[in-house]
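Q: Please take a close look at the salt bridges in this predicted model. Which side chains meet in them, and how buried or exposed are the partners?

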Amino acid sequence: MNDKAGSGRVAWHCTCFNVRRASRAVSQIYDDALEPTGLRINQFSLLGAIETTGPTPVSDLARLLELDRTTLTRNLKTLQKAGLIEISPGRDKRERLVSATPSGIHVMARAKPLWRAAQDQIITTLGRERWQRITDGLDALSMLSLV
């Protein structure tokens, strides 16, 4: 057996490889659906969290979304440059509060039905029971980082 064939089998049985491969495919479905709004799925999720929580400290948002603070800050800059969020001083010099702007709220109102259509497409394609099993499995996998 040559090394290339053996490596291929390992990749196809690797949980990380398969989760990332599926993530790219699923992200593309959402990105395509959200294209009219100019948002990508990661921006939609982040802006949705900000809209839901109201003015929130960056550190609290990072914990809520289970994101590294530097990754979150980089993603926030993109939304801020687009005028969809505002970052303002908090209670002390170190704290920064993130909130959705009226423009951000307007974009989310346009994006939510597009997101729902993509979500429905995925659920219909997989079937509700299979989709639920996959979602439950992904929730269980995400708990591994908390152990």
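A: Arg40 is partly exposed, with a relative accessible area of 47%, whereas Asp31 has a relative accessible area of 8% and is therefore buried, the cut-off being under 20%. The side chains of these two residues, Arg40 and Asp31, meet in a salt bridge with an N to O distance of 2.9 Å. In general terms, side chains of opposite charge can pair when their charged atoms come close.

A second pair is made by Lys112 and Glu51, whose closest N and O atoms are 3.1 Å apart in a salt bridge. This pair links distant parts of the chain, since Lys112 belongs to helix α6 (residues 102–126) and Glu51 to helix α3 (residues 41–53), with their positions 61 residues apart in the numbering. Lys112 counts as partly exposed at 40% relative accessibility, and Glu51 likewise counts as partly exposed, at 25%.

Within helix α6 there is also a salt bridge between Asp120 and Arg116, the closest N and O atoms being 3.0 Å apart. Asp120 and Arg116 are 4 residues apart in that helix, which is about one turn. Asp120, at 34% relative accessibility, counts as partly exposed, and Arg116 is partly exposed as well, at 38%.

The three pairs described here are among the 6 salt bridges that a search of the whole structure finds in this predicted model.

Key:
Residues are numbered from 1 along each chain as its sequence is written. This is a predicted model: local features need pLDDT of at least 70, side-chain atom pairs count only at pLDDT 80 or more; totals for chains, interfaces and linings use all residues. Side-chain values use heavy atoms; hydrogens and water are left out. A salt bridge is a side-chain nitrogen of Lys or Arg within 4 Å of a carboxyl oxygen of Asp or Glu. Buried means under 20% relative accessible area, exposed over 50%, partly exposed in between (1.4 Å probe, protein chains only). Helices (H or I, at least four residues) and strands (E, at least two) are DSSP runs, numbered from the N terminus.
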